[in-house]
Each structure stands twice: as C-alpha cells, then as structure tokens.
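Here are a few exercises to work through with the model open in your viewer. Try each task before you read its solution.

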Amino acid sequence: MNAVLAVIALVTVASAAVALSRRNLLHSILILAGSWAGVAVFYFWAGSQFLAFAQVLVYLGAISMAALFAVLLTRHSRDDVAGASSHQRAVYAILTGIAVAAVLLAAVARTPLTVRPSAPPPLSVRELGYTLMGSHAAALLVVGVLLTVALIGAVVLAAGDPPDPKEGEP
Amino acid sequence: MSAAAHTDSFLERAPLLARDFITGRLPEPARWTANTLITIALLLAAFGLLFAFLTLAERKILGRVQNRPGPNRTGWFGLLQPFADGVKMLTKEDLVPRASDQVLHYLAPVALLSLSIITFAVIPYGRHMVPVDLDAGVLYFFAAGSATELSIFMAGWASHNKYALLAAMRALAQLISYELPLLLSVVPVVLAAGTLSTSGIVDAQHGWAWGVVPRWNVFTPWGAAGFAIFFVSSLAESNRSPFDLPEAESELIAGHLTEYSGFKYALFFMAEYFGMCALSGMGVTLFLGGWRSPLAALEFIPSYGWFTLKLLALLGCFIWIRATLPRLRIDQLTRLAWKFLVPLALVNLGMAAFWALSAGWAGPLQLARWAVALAIVAVPFLLLGRRLSRGVAPRTYRYA
C-alpha cells in the first residue's frame, strides 16, 4: 500500500520538478498537467473518488486550458522561450520559494493531525450537499460571489469592442 | 460485475455464467484479474466492431439519403468495407512534419483514444454488467471527457502548422462551450436520483407509472428538456454534424488533423466514434432508463439486449441528423451554446427542483404540476428563441 503511495508521490513531485526546469512553457504546462493528474490519483488512492474526479475535471479540464491559452496569447512565436536567468532572478525565486514553503509548513505543523484508524465515512453526494449547504455554507457563498465577479469581469473585458453591424447576417 | 441473483432468467445470467465457466478454475486472486481482463477485451472487441460497422452504416445511410448506393463492392452489400479501410489505413505512409514536436505529435492521438476508451468503464450495459461500479461514476465519465481537450490542443500545437493550431483553438472553444450545457443537463438527473453512480441512476428509473409508462427520466418534463439539451450538446461534444466545424471537410483542410495521416488519422477517427458511442451510452443510462425494458411484458428480452437496442437507436439519430442538417458557423455555434442552451439548462435545473418539491401533489394538482413544470421551461425557450433570432429569422433562401 505504501509502495503505491511512494510511486504516486514520486510521479507527482518529479513531474512538477521537470515542469519547472523546462524552457518551453507549453511543455511545462503539459507536464504540470501530469502532476495534477498525480494528485487526482492520490485522492483516488486515499478513497475520495469525488475529490479525485473533481480534480481531473477542474485542473486537467479547465485550469490547464486557461494556462495554455494564456501562454499562447502572450508569446509572440512558438520559439519564444523563457529568457536567460540572472542571479537576481534566482535570488528572488529562492526567497519566494522559502516564503511559500514556510507558510505551508507552518500551516501543516499547526494543524492537529489525529490519526483515526476507523473506516472512512461513506460519502454520498447527498451528504456532501448537506455539508456544503450546512456547515460550510458561508465558504460556498463566498466562492460563488468570487466566481461571479470574475465571470462578470471577464465579460466586461471581452465586450469592449463596439458591436459589428454585419454580425448576425445570414 | 456483481454476482448474479438466481431469480433472473437464463439469458440474463448467460454472460456471467460464460465468464465464470472460463475463469472458474483459477485461484481467487487470479480470477479477479482474469475477469477484469475478459471484461476489457470484450468491451474493446464489441466497441471496435461497432465502430467498424457504424462507419459502414453511416456511409450506407448517407448514401441512401443522397440517392446513391453507398459502398457496395467489398463483400456482400459492402459488408467487408470497414476491414478494407482498416488495411488501407494501416499500410498508408505515416507523415510527420520535420518541424513538428515529434513526441507530442505521437502522443496526441494515443491520449485522445485512451481517454475516450476509459469512459466505457462506468456505463451499465446490463443488469449485472457494469464493468466498474464507481460511487461517482457520472463525474468520472465527464472528467475523462474533459481531459480529451488537452490532447486536441496537443495535436494542433505539435503539428507546427498555423492552420492546425487555429483549428485546434476553434475545436477547444466548441468543446468548452458545450461542456457547460452538457453537465448542467445532467445535474437534474443526479438531483432526482440522489446519487452519482450510474447503476444507482438506472435503479432510480425502475417501475411503470399507471402500469404502462416507464418511469424513465425522459418522460418527466425536466427529463425531456434535459435530454434535448444533452443530445444537442453531445452532438457538439463528439464533433458531429451540424457541429462538425473542427474538421469541416468541405471548408477547412482537416482542422487540427491537417498534419496527420495513416494510422494516426485513423486513431483520431476512432476516438471520435468511440466518444459518440460513449456519450450515447451515457444518454441511454441517464435519460432512457438504461438497460430497462419499456414494457413489463417485454422483460424476457435480456437487459443488455435493450441497452444495445437503445444505443443503436440513438446512434441512428446521430447519423440521421448528419444527413439532414447543414453545418453551423462558428459564431452561430458559440451563440447557441452560451445564449440559448446554458440559460435553458439553468432554467431546467429550477424546474427539476420544483418537480422534486411538488412530488406529493396528487389528483387534479397533478395536472397543475405538469402545467407549471412545462411552463417553466417552455416560456423561456420561446422567449429566448424569439429574441435571439430577431432580425435573423425567418430566412429567405434564394437558389441559383
């Protein structure tokens, strides 16, 4: 059982590391998608099917697309790879990495982890719905408002052009 | 596949009995592996053959619709045509552009085909024939479907051809647009059944209202509207006419498949047909009662027989629509998705909620329930349709 976990973790972390080291941004995104798939496999291994498939749906289906489109729309040509690195950039990168790692580690260390050897609760969609609409209703509403604002913002940004009088003609 | 109950008829249990006869002598751990391998092999063989004859049936039917015979030279009535095509595809030269991204160019069709094959795993083909009965089977199906977009992008980008890349962007715009109404039309089904498991959804559609009308989702107001939205969206998701813009033979070169030839092209073709079969199978499961028979008197026909019949009927509709409707333009296509299907699917969700809340209404209130539910979806349908086609329809066509 632990060997499976080790393989999943190795694939996830290794593909993330390879993605960081690629010069070609599109390659890094595609490899990063492999890392996200590894996280989904981990959720599946841990017995949380719903979370695993939601991870695939959101990360592989949507976020990877957003990243690919962002790269395609901002690069001038397909050979436009990331520029040569400088010492200054390396220092900033390491500092940012250390800061993020410190925040994550602090959060993990301060969370009480109680190991319960009980069977996992049978998670039905109904219970998931009750949990989301009950004890986590506030978080759900906040996320909903955030997404709505983002959607309206995207529409406003995209609708900047004056309407084309020829549009809609047969 | 679960163990067969002994109350079923012999035909119902026949596939399980045949499988157990083959693998019964193996020790317990090996038996599970052997059973799984047999299931996979059977699924691949069945859908491979279905793919082969679906291409033939499509060409034959399209031919008949256009008043020509269709392929009729290879074997009786052209029955061996798909195999001749297979040999042709296998022996064709595989051209890879020198400037292309070789690895991605190779991986794209493989990823697309494998992602469309794994969706077959959760469809209940019969009473005891669910290859993998997942708790979140519906979500699995659509997650695997949404991951195919990555491989389309890979195909377009790896070809190092601006037309292929542009066409891949168009294909992605179409797939992403229609995924929304597709998923939204499925939500009421999950709401009504209270489960994401495909076999649970089929179980929820058991029985007959007044002894004759099967309690399939398609016979409820939200199910009928949802099925219509699902069907239109699945036409678009599987690149079928009238939504076959990604690979519009008569207008574009071949879309994101421009730089593909030989067997890789055949793999894309196969993935498209597999996707169509999988979406039809999901449509049968979600709305048409899955493997259930329409009449109690017809239950002597085994469940997998009913599933096959319904699947073939839906696939026939796909071909029929291809023969009937002209292709949409890209702006009409995205407008249909965002301005028409998505709002209607959201309204349909509201109607499903009303239907679930008014489940206790009886007597004359039953009629009011139907009237209110139909009004909830019919009024926005008419208003939206009128509003969106203002200034565009009715069109006058002048023929030269």
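**Exercise 1. A helix pair in chain B**

Task: Work out how helix 8 and helix 9 of chain B are oriented towards each other, and which residues make the contact.

Solution. Start with the geometry of this predicted model: helix 8 of chain B and helix 9 (residues 262-287) of chain B pack at an angle of about 170 degrees, and their axes are 11 Å apart. Next, bring in the cut-off: angles over 145 degrees count as roughly antiparallel. Helix 8 and helix 9 of chain B are therefore roughly antiparallel to each other. Now list who touches whom. Helix 8 of chain B brings G223(B), G226(B), F227(B), F230(B), S234(B) and E237(B), while helix 9 of chain B brings L279(B), M282(B), G283(B), L286(B) and F287(B). Sorted by class, that contact has 6 nonpolar, 4 polar and 1 charged residues.

**Exercise 2. From the helix pair to the core**

Task: Find which residues touch the most other members of the largest nonpolar core.

Solution. The largest nonpolar core holds 108 residues, and the ones touching the most other members are F47(B), F120(B), F230(B) and L286(B). Two of these names should ring a bell: F230(B) and L286(B) also take part in the contact of helix 8 with helix 9 of chain B. Then pick F47(B) and look past its neighbours within four places in sequence: F47(B) is in contact with F120(B), Y125(B), F274(B), C277(B) and L311(B).

**Exercise 3. Odd backbone spots**

Task: Track down a cis peptide bond and two positive phi values in chain B, and say where they sit.

Solution. As background, most residues other than glycine have a negative phi, and most peptide bonds are trans. First, go to the loop between helix 8 and helix 9 of chain B, where P242(B) is found. The peptide bond from S241(B) to P242(B) is cis, with omega near 5 degrees. N239(B) lies in that loop between helix 8 and helix 9 too, and has a phi near 55 degrees. For the other positive phi, move to the loop between helix 5 (137-158) and helix 6 (162-193) of chain B, where H160(B) sits; phi of H160(B) is also near 55 degrees. Finally, check exposure, taking under 20% as buried: N239(B) counts as buried at 14% relative accessibility, whereas H160(B) is partly exposed at 35%.

**Exercise 4. Over to chain A**

Task: Describe the make-up of chain A, then decide whether Q55(A) is buried or exposed.

Solution. Chain A has 6 helices and 0 strands. Buried residues make up 17% of its 170 residues. Q55(A) sits in helix 3 (residues 49-74) of chain A. Its relative accessible area is 9%, so Q55(A) is buried. Around Q55(A), beyond four places in sequence, the contacts are W36(A), V39(A), A40(A), Y43(A) and L60(A). One of them, Y43(A), is 12 residues away in sequence and 8.6 Å away in space, C-alpha to C-alpha.

**Exercise 5. How far to trust chain B**

Task: Which stretch of chain B has pLDDT under 50?

Solution. Begin with the average: chain B has a mean pLDDT of 87, and 98% of its residues score at least 70. By element, helix 1 (residues 10-23) of chain B is lowest at a mean of 82, and helix 8 (residues 221-237) of chain B is highest at 93. The stretch we want is residues 1-6 of chain B, where pLDDT stays under 50. Where pLDDT is low, the predicted coordinates should not be read in detail. For the complex, the predictor gives an ipTM of 0.80 and a pTM of 0.88.

Methods: Residues are numbered from 1 along each chain as its sequence is written. Chains are lettered from A and ligands numbered from 1 in the order in which they are written. This is a predicted model: local features need pLDDT of at least 70, side-chain atom pairs count only at pLDDT 80 or more; totals for chains, interfaces and linings use all residues. Side-chain values use heavy atoms; hydrogens and water are left out. pLDDT is the predictor's confidence in each residue, from 0 to 100. Helices (H or I, at least four residues) and strands (E, at least two) are DSSP runs, numbered from the N terminus. Contact means heavy atoms within 4.5 Å. A nonpolar core is a set of buried Ala, Val, Leu, Ile, Met, Phe, Trp, Tyr and Cys residues joined through side-chain atoms within 4.5 Å. Buried means under 20% relative accessible area, exposed over 50%, partly exposed in between (1.4 Å probe, protein chains only). Axes are lines fitted to C-alpha atoms, for helices over the stretch in contact, and angles run from 0 to 180 degrees between N-to-C directions. Angles under 35 degrees count as roughly parallel, over 145 as roughly antiparallel, 65 to 115 as roughly perpendicular and the rest as oblique. Ala, Val, Leu, Ile, Met, Phe, Trp, Tyr, Cys and Pro count as nonpolar, Asp, Glu, Lys and Arg as charged, and the others, Gly among them, as polar.
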